[in-house]
Amino acid sequence: MMKLWKRASGALKDRKTLFTIGFSRKTSFRNPDLDSAIIHATSHDDSSVDYHNAHRVYKWIRSSPANLKPLVHALSSRVNRTRSWIVTLKALMLVHGVLCCKVTSLQEIRRLPFDLSDFSDGHSRPSKTWGFNAFIRAYFSFLDQYSFFLSDQIRRRHKKPQLDSVNQELERIEKLQSLLHMLLQIRPMADNMKKTLILEAMDCVVIEIFDIYGRICSAIAKLLIKIHPAAGKAEAVIALKIVKKATSQGEDLALYFEFCKEFGVSNAHDIPKFVTIPEEDIKAIEKVINGVEEEEVKKKEDEVEEEKSIILVERPELQTIITDKWEIFEDDFCFTCKDIKETDQHRKFNVDPSPLPLIVIDEPVYFTHTLPDLITF
């Protein structure tokens with residue numbers, strides 16, 4: 001009885017909102033037709049998702065950049081006024097679909113226009129909704145970070161259309177790995193969460209995981225060709241860190257897909273085989289690092305020997321006492337060699353934030369080398 005009452009109350013709220021929208025005027029920040037589609041797509045009904053109105057929203061976004069401001073205004077207003085996990089989750093799924101539209105105007109969004117980092121449902125006891133609250137917080141965290149990442153990628157490609165440097169590629173892979181880590185935190189944890197809406201959201205998450213992990217593997221395959229003996233130590237160290245993390249995340253993904261399959265997520269029915277990166281590729285990167293270190297040590301030793309030779313020529317009157325390591329001069333001139341210190345430039349993942357590709361795809365790159373198969377079904 002209580003469940004029916006909640007559904008009726010939610011439906012009444014939606015109708016009241018739609019009635020109010022009918023009297024609003026179209027401005028640069030408001031589009032009544034778009035507002036209506038958003039209300040339908042984010043209704044209080046937890047038994048279904050209105051994909052028809054969701055696709056209407058996507059068409060508006062693709063049709064004109066002018067529709068972005070009304071979308072942001074309507075979505076932020078909808079989310080900020082509700083305390084329903086159902087409406088909030090549908091709004092996040094709608095945002096996820098908008099980010100998949102691949103329009104250049106998305107660069108204006110940057111971070112999401114609302115904050116759900118401490119979301120808590122206000123219509124039921126926390127003992128019943130804690131799992132939904134955690135799910136929404138994790139989903140929001142990913143979308144907020146991904147929104148900024150996508151915006152940054154679009155801006156960069158419009159300003160600098162040329163190919164990225166090795167350092168830029170390393171930075172991009174690290175950010176993708178951080179996003180993948182955030183995706184793996186989105187999962188139902190409570191026993192009462194096996195609902196249609198949660199399963200639909202998990203389908204979106206699984207599709208996103210395939211897309212991002214596939215891009216990580218593709219980028220690493222190209223990167224392994226570029227990391228050769230001529231590469232610098234800093235680049236090789238970061239590359240090794242990325243490769244090891246990719247192997248670890250492959251194991252995490254296998255466990256995640258097993259969980260999703262048991263939970264009933266349809267897109268996780270066929271679990272892919274996550275292949276680890278060949279050991280010889282890891283050793284090749286380690287060889288680059290060790291080779292650079294040996295060259296630097298030898299170079300430093302040569303500099304020290306040259307320095308001592310110069311000193312002996314300039315001060316011929318000095319007698320020397322030869323030890324097994326250094327030459328010590330009797331007038332207390334002492335020369336010591338400082339240890340060589342290398343500081344790895346680890347870039348933190350710092351962002352200010354449908355099965356379609358989420359960013360502009362790179363131009364085709366052709367290689368004479370055979371790329372390792374990092375993800376197979």
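## Cysteines and the model as a whole

A search through the whole structure turns up zero disulfides. Two cysteines worth a look are Cys217, buried with a relative accessible area of 7%, and Cys260, which counts as buried at 0% relative accessibility. Please keep in mind as you read on that this is a predicted model.

How confident is the predictor in the protein chain, on average? The mean pLDDT is 77, and 73% of the residues score at least 70. Among the elements of the chain, helix α5 (residues 85–99) has the highest mean pLDDT, 96, while strand β3 (residues 327–329) has the lowest, 37. Over residues 308–377 the pLDDT stays under 50. For that stretch the model has 111 contacts beyond four places in sequence, and those contacts are best read together with the pLDDT values there.

## Fold and surface

The secondary structure of the protein chain consists of ten helices and four strands. Followed along the sequence, the elements come in the pattern α-α-α-α-α-α-α-α-α-β-α-β-β-β.

Of the 377 residues in the protein chain, 44% are buried. The chain exposes about 21,500 Å², and carbon and sulfur atoms supply 53% of that area.

## The nonpolar core

In soluble globular proteins, nonpolar side chains tend to be buried together. Here the largest nonpolar core has 94 residues, and the members that touch the most others are Leu89 and Tyr139. Helix α8 (residues 196–226) gives this core its largest share, with 16 residues.

Which residues does Leu89 touch, once those up to four places away in sequence are set aside? Its partners are Phe135, Ile136, Tyr139, Leu197, Ile198 and Ala201. The two residues with the most core partners, Leu89 and Tyr139, are thus also in touch with each other.

## The loop between α5 and α6

Leu106 sits in the loop between α5 and α6. Is Leu106 buried or exposed? With a relative accessible area of 2%, Leu106 is buried. Leaving out residues up to four places away in sequence, Leu106 touches Leu68, Val98, Leu99, Leu150, Ser151 and Ile154. Leu106 and Asp152 are 46 residues apart in sequence, and their C-alpha atoms are 9.9 Å apart in space.

Arg110 is found in the loop between α5 and α6 (126–159) as well. Most residues other than glycine have a negative phi. Arg110, in contrast, has a positive phi, near 55°. At 25% relative accessibility, Arg110 counts as partly exposed.

## A buried asparagine

Asn53 belongs to helix α3 (residues 51–63). Why does Asn53 count as buried? Asn53 counts as buried because its relative accessible area is 6%, and the cut-off for buried is under 20%. Apart from neighbours within four places in sequence, Asn53 is in contact with Ala37, His40 and Ala41.

## Salt bridges

Side chains of opposite charge can pair when their charged atoms come close. The model has eight salt bridges. One of them links Asp35 and Arg30, whose closest N and O atoms are 3.1 Å apart. Asp35 is buried at 4% relative accessibility, whereas Arg30 is partly exposed at 30%.

Two further pairs lie within helices. Glu171 forms a salt bridge with Lys175, with 3.3 Å between the closest N and O atoms. Both residues are in helix α7 (residues 166–183), four residues apart, about one turn of the helix, and both are buried. Arg215 and Asp211 form a salt bridge too, with their closest N and O atoms 2.8 Å apart. Because Arg215 and Asp211 are four residues apart in helix α8, about one helical turn separates them. Arg215 is buried, at a relative accessible area of 13%, while Asp211 is partly exposed at 22%. Elsewhere, salt bridges with shared partners join Asp152, Arg156, Glu171 and Lys175 into one network.

Definitions and conventions. Residues are numbered from 1 along each chain as its sequence is written. This is a predicted model: local features need pLDDT of at least 70, side-chain atom pairs count only at pLDDT 80 or more; totals for chains, interfaces and linings use all residues. Side-chain values use heavy atoms; hydrogens and water are left out. A nonpolar core is a set of buried Ala, Val, Leu, Ile, Met, Phe, Trp, Tyr and Cys residues joined through side-chain atoms within 4.5 Å. Buried means under 20% relative accessible area, exposed over 50%, partly exposed in between (1.4 Å probe, protein chains only). Helices (H or I, at least four residues) and strands (E, at least two) are DSSP runs, numbered from the N terminus. Contact means heavy atoms within 4.5 Å. pLDDT is the predictor's confidence in each residue, from 0 to 100. Accessible areas come from the Shrake-Rupley method with a 1.4 Å probe; for residues, only the protein chains shown count as cover. A salt bridge is a side-chain nitrogen of Lys or Arg within 4 Å of a carboxyl oxygen of Asp or Glu. A disulfide is a pair of cysteine sulfur atoms within 2.5 Å.
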